[in-house]
Amino acid sequence: MEYTELSAYDLPAGVVTSWTPRADAGRWQQDPRDLSPGHEAHLRDSEPGSWIGSVLRVPGPYEPEALRRAIHAWLSRHEVLRTTVTRDAGAGWRRVTAPAEAVAVRDLVVGHLTAAQVTALLPSLLADVSPTAWPHCVLASVVPDQPVGGSGPDGFVLAFGADHSVMDAYSQLLWFEEIVSLYDAARRGVPDAELRALEVGSHVDFSAEDRKLAMTLAADGEPVHRWLDFLGPDATFPRYGAEGVTHPAADAAEAARPQASRSAWLATADQTDDLSARSRARGASAQSGVLATFAHAARRVHGIDRLRFVLPMHTRYAPQHAAAVGWYVGLCPVDLDLDGVDPVLREVDAGGAGTGRAGGAGAGRVIDGAALTAAVERVHAAVAAGKPLVRYSFARIAELGGITDGPHLAVSYVDTRFVPGAERWSAWDARTLRSPAYGTDELYLWFLRTHDGLNVSTRYPDAPEAHAAMDALIEELRACFRAFGTAGLSEAVA
């Protein structure tokens, strides 16, 4: 599993079809449930052509009517995919919602395209979503050409693009198993009513509750003060501390420059499991271990002792929202200071003298147990300090605190191994997607723990200094993880 732009996916030549939800104009109903402050901020600030989505190779033969029924069932199950907003003069945004029976799925066969044409077209099809115009999710399929002799495997590519107002990263991951299961059931002739049956919570209800909680906040309350303390006197978000990696755009042309996008595998499953076990033994989580390793790498290659960043975290607190599609994300401010903590890895000589490591032969770097404990504990404490703020809408906090800046350094960690269907993602060539981003002032890193190991996806300014910095950071991360796992080096002892 990787998180990339669609241009990095191996799209085949074949017949392309777009799949677009439609609803009768007279069937939209006024919905009294309020929008969340984050939704309203997204309506105000979102950039055209910004979307997230997923893509996979659906196993089995392509049957368009079964696919239509599967897509319709998915839309029916998740109310957030059947709701939108309208502008009410003098009263801001209002929600309207369509019942499942009012929604249809229209297919439009674009035609047979070469692989290059498919790669050029699909991003534009999926980018045809907007926070202010329904549908907020569109799909496209590609039925690949059969090789000469017709001996190729059955299957076809299916992708979707959605606006962030109705989709978060976990929703992207849930889609793989759900859409394949629905398609299989539709091909078997399962009735529509049974396909649509899934008891999950509605993100529309969640949004209304989120707004109620947000409106209890006060400008002089602790959540606002905590965020302002984190941001400092200028109320600006911190940047990555290395020189030249991110900076404010000098002009409109620089602000419109596409960012670089990169996906890299850092560790095997054994190495990631080893770090996770060591972290748990120290009373922390695998997330703390991965962030500690990231902090170690940043310090070693860029001399950064103090990392200050935003950590997105889920807000799926109620069981009924665990399998729901929607935008369930809050922000955790993390202030991580490793000053005084020894390096997590210790250099050893060819003989291994004085390291106490098993085997003794060969030069390399081994884990310093005391330093790892200290680093993991620092991370755990830093995340724990910011975590209570996740449940409060940052959009409302920004409004109350006069915060106009946005995150410049964000680091995400997601363990995908227990998402339904995760063990089949590799066979399906499943991948989560993001649209291209622009500018010079953001560095985002997404760490994904999968059945195959640990992957990091990054986007950063497309400039020589930033490329060099990310090259060095990723290589150091890989070097760190080589010290973990059953095939790695043993832990050093003082």
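## Strand β7 and Val109

Strands here are DSSP runs of E with at least two residues, numbered from the N terminus. With that in hand, we can place Val109: it belongs to strand β7, which covers residues 103-113. Please keep in mind throughout that this is a predicted model.

What does Val109 touch, once its neighbours within four places in sequence are left aside? The contacts are Val15, Val16 and Thr17. Another residue to look at alongside Val109 is Ser141: the two are separated by 32 residues in sequence, and their C-alpha atoms lie 9.4 Å apart.

## A three-stranded open sheet

Let's turn to a sheet. Three strands form an open sheet in the order β3-β6-β5, and the pairing is antiparallel. Because β3 (29-31) and β5 (83-88) each have a single partner strand, they stand at the edges, and one side of each has no neighbour in the sheet. From one strand to the next, the twist averages 45°.

For the pairing itself, some background helps: strands of a sheet pair through backbone hydrogen bonds, in either a parallel or an antiparallel way. Between β3 and β6 (residues 92-97) the sense is antiparallel, with three bridges. If you would like a specific pair to find in the structure, take Gln29, whose bridge partner in β6 is Thr97.

## His136 and its surroundings

His136 sits in the loop that runs between α3 (115-126) and β8 (137-144). Is His136 buried or exposed? Its relative accessible area is 4%, and buried means under 20%, so His136 counts as buried.

The side chain of His136 makes a polar contact of 2.9 Å with the side chain of Thr84. Setting aside neighbours within four places in sequence, the residues in contact with His136 include Thr83 and Thr84, then Val129, Ser130 and Pro131. Gly161, Ala162, Asp163 and Val166 are also in contact with His136.

## Where α10 meets α11

Our last stop is a pair of helices. The axes of α10 (residues 286-302) and α11 (residues 369-386) come within 8 Å of each other, crossing at roughly 110°. Angles of 65 to 115 degrees count as roughly perpendicular, so that is how α10 stands to α11. The crossing of these two helices is right-handed.

Which residues meet where α10 and α11 are in contact? On the α10 side they are Gln287, Ser288, Gly289, Leu291 and Ala292. Facing them from α11 are Ala375, Val376, Val379, His380 and Val383.

Definitions and conventions:
Residues numbered from 1 in each chain as written. Predicted model: local features only at pLDDT ≥ 70, side-chain atom pairs only at ≥ 80, totals over all residues. Heavy atoms only, no water. Pairing = 2+ DSSP bridges. Helix = DSSP H or I, 4+ residues; strand = E, 2+ residues; numbered from the N terminus. Axes fitted to C-alpha atoms, helices over the stretch in contact; angles between N-to-C directions. Buried < 20%, exposed > 50% of the residue type's maximum accessible area, 1.4 Å probe, protein only. Polar contact = N/O pair within 3.5 Å; in protein donor to acceptor, adjacent residues only side chain to side chain. Contact = heavy atoms within 4.5 Å. Parallel < 35°, antiparallel > 145°, perpendicular 65-115°, else oblique. Left-handed = near helix turned anticlockwise from the far one by under 90°.
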